[in-house]
Amino acid sequence: MGEVDKVIAHRLNSSVPLVGQISQYIIAAGGKRLRPALLLLMAGALGYKGTQHHNLAAVVEFIHTATLLHDDVVDESTLRRGRATANEAFGNPASVLVGDFLYSRAFQMMVDADDMRVMEVLADATNVIAEGEVLQLMNMHDASLDEGAYLRVIRSKTAKLFEASARLAAILIKAPSHIEEACATYGQALGTAFQVIDDVLDYAGNTAEMGKNIGDDLREGKATLPLIIGMQRGTPEQAATIRHAIEQGETEKLPQIIEIVRSTGALEATQQAAATEAQRAISALSALPSNSYTEGLLQLAAQLLQRRN
């Protein structure tokens, strides 16, 4: 990760001061660097000996950071990782344009790998993520969304970059197709579990733990899995309360809605859905060599279910 940080610092250089300022602002905010770590761990598990994984780990972090900049503008978010979002600090236009810079810089860096498969996977992932963002926008304030439609959004918007990160490690060592697919399955399942748990925390965590405002999803009109299950299991009156809040983007009854998703067992059911995905990730690792990196990947999937922020 130290080598990845060096690549990130070097590649953030720009002759336009505001580009570097905003890029540094959001990257310096911390974050889990989970996608780069996933690529590095998977490369280690497969025995990769080169250095191109440092470059590609920085690429996936840049793509992820660009999506955060754009997401926060679309969602009108004011808090991320415990401090003001870039759009809150610098304004929407600057955030969108610097997000574009990070996307384009990521594509410049992809070329360094000199591998069309790398380009193909990252270009496809970036396109699918964009589609997922638009799909989520279309689904805003739609209380009729079912679990299948919910999963389609998060597998596009969140899990796809996890999947690409894991697949890239296999491509770097020119692994056989069954190994590449096992890596991709691990990444997709891990990314899905990560987002499902994130949606649990919106109704089970608190602002200090999460680094974002509780109830943001509801204010944005997002029908996440805890709400979908809460409507399915609740009384007609409880379902109507959640439905109205999603459709209107209201948070006035947030305490009541939190109580509904807890009393109906919706949080436990959502956590179980995440556990199923985490187990799918763990099962995919059986195709990989047994070593300390693979053990790290196994622990990553298992510990995901204990995350609080």
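1. D216 has a relative accessibility of 7% and therefore counts as buried, since the cut-off for that class is under 20% relative accessible area. The model in which this residue is placed is a predicted one, and that should be kept in mind for each of the points below.

2. The side chain of D216 meets that of R219 in a salt bridge, with 3.5 Å from N to O. Both residues belong to helix 12, which spans residues 216–219, and because they are 3 residues apart there, about one helical turn separates them. The partner R219 is partly exposed, its relative accessible area being 30%, whereas D216 is buried.

3. Salt bridges that share partners also build a network, and the residues joined in this way are R117, E120, D124, K160, E163, R167, E180 and E181. For the structure as a whole, the number of salt bridges comes to 18.

4. Which side chain meets that of R11 in a salt bridge? The partner is D112, and the N to O distance is 2.4 Å. This pair links distant parts of the chain, for R11 lies in helix 1 (residues 2–11), while D112 sits in the loop between helix 6 (92–111) and helix 7 (116–139), 101 residues apart from R11. D112 has a relative accessible area of 41% and so is classed as partly exposed.

5. A salt bridge also joins D71 to K157, where the closest N and O atoms are 3.4 Å apart. Here again distant parts of the chain are linked, with D71 in helix 4 (residues 52–75) and K157 in helix 8 (residues 147–157), and the two residues are 86 residues apart. Are these two residues buried or exposed? Both D71 and K157 are buried.

6. D71 appears once more in the description of the second largest pocket, where it is among the lining residues closest to the centre, together with H70, V74, A130 and E133. The space in this pocket is about 230 Å³, and 15 residues line it. Helix 4, helix 6 and helix 7 are the elements that each give two or more residues to this lining.

7. As to the character of that lining, the residues of the second largest pocket divide into 9 that are nonpolar, 3 that are polar and 3 that are charged. A reader who follows D71 through the model thus meets this residue in two settings, namely in the salt bridge with K157 and in the lining of the second largest pocket.

Key: Residues are numbered from 1 along each chain as its sequence is written. This is a predicted model: local features need pLDDT of at least 70, side-chain atom pairs count only at pLDDT 80 or more; totals for chains, interfaces and linings use all residues. Side-chain values use heavy atoms; hydrogens and water are left out. A salt bridge is a side-chain nitrogen of Lys or Arg within 4 Å of a carboxyl oxygen of Asp or Glu. Helices (H or I, at least four residues) and strands (E, at least two) are DSSP runs, numbered from the N terminus. Buried means under 20% relative accessible area, exposed over 50%, partly exposed in between (1.4 Å probe, protein chains only). On a 1 Å grid over the protein atoms alone, a cavity is a set of points where a 1.4 Å probe fits but cannot get out, and a pocket is an open set with protein on both sides within 12 Å along at least five of seven lines; lining residues have an atom within 4 Å of a point. Grid points are joined across faces, edges and corners, and a volume is the space filled by probe spheres set on the points. Ala, Val, Leu, Ile, Met, Phe, Trp, Tyr, Cys and Pro count as nonpolar, Asp, Glu, Lys and Arg as charged, and the others, Gly among them, as polar.
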